[in-house]
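Me: Pick one part of this chain and take me through it closely. Then set it against the rest, in short sentences.

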Amino acid sequence: MNALQLNAEIYRSLGVLSEDENMLRRAAKYLKRLAAQLKHDPALMTEEEYFRRLDEAEKGPKYKMLPDESLDDMLTRLGYV
């Protein structure tokens, strides 16, 4: 079944459901959940990409807290606050 046939079948089914408002609500709720699955999550990555990003981060600048220095003090010293 191709996309055009599936689309027509969905619209026929919605036509049947259109007579019952409660059923339409249920269908809308289900379709929302299906559509949400298509949205890309930028936090998702492959294992290879995860380890590549870790390797890149290790090459970047390294900061150390001084003895008796709070996190707020370190961030101020580095110019972030």
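Reply: Buried means under 20% relative accessible area, exposed means over 50%, and partly exposed is in between (1.4 Å probe, protein chains only). By that scale lysine 29 is exposed, because its relative accessible area is 58%. Lysine 29 lies in helix 2, so helix 2 is the part to look at (helices are DSSP runs of H or I with at least four residues, strands are runs of E with at least two, numbered from the N terminus).

This is a predicted model, in which local features need pLDDT of at least 70, side-chain atom pairs count only at pLDDT 80 or more, and totals for chains, interfaces and linings use all residues. Residues are numbered from 1 along each chain as its sequence is written, and side-chain values use heavy atoms, with hydrogens and water left out.

Helix 2 covers residues 21-38. Among the elements of the chain, helix 2 has the lowest mean pLDDT, 89 (pLDDT is the predictor's confidence in each residue, from 0 to 100). Helix 4, residues 71-77, has the highest, 95. The chain as a whole has a mean pLDDT of 89. In the chain, 100% of residues reach 70 or more.

Now the length of helix 2. Its 18 residues should span 26 Å (the expected span is 1.5 Å times one less than the number of residues). The end C-alpha atoms are 26 Å apart, which agrees. Helix 1, residues 3-17, has 15 residues and reaches 21 Å from its first C-alpha to its last. That is close to the 21 Å expected.

Look next at the start of helix 2. A side-chain oxygen of aspartate 20 comes within 3.1 Å of the backbone nitrogen of asparagine 22. That fits the rule for a polar contact (N or O atoms within 3.5 Å; within protein, one must be able to donate a hydrogen and the other to accept it, and residues adjacent in sequence count only if both atoms are side-chain atoms). Helix 1 has a cap too: asparagine 2 sits at its N-terminal end, with a side-chain oxygen 3.1 Å from the backbone nitrogen of leucine 4.

How far is lysine 29 from leucine 6 in space? The C-alpha atoms are 19 Å apart, and the two residues are 23 apart in sequence. Glutamate 9, in helix 1, is partly exposed at 36% relative accessible area. Between glutamate 9 and leucine 66 there are 67 Å, C-alpha to C-alpha, for a sequence separation of 57 residues.

Leucine 66 also meets glutamate 69. The side chain of glutamate 69 reaches the backbone nitrogen of leucine 66 at 2.7 Å. Glutamate 69 is in the loop between helix 3 (47-59) and helix 4. At 15% relative accessibility, glutamate 69 counts as buried. Buried residues make up 4% of the 81 residues in the chain.

Finally, the setting of helix 2. The chain has four helices and zero strands. Its radius of gyration is 26 Å, well over the 12 Å from the globule rule for 81 residues, so the chain is more spread out than a compact globule (radius taken over C-alpha atoms; the rule is 2.2 Å times the number of residues to the power 0.38). Along the principal axes, the C-alpha atoms fill a box of roughly 70 × 30 × 15 Å.
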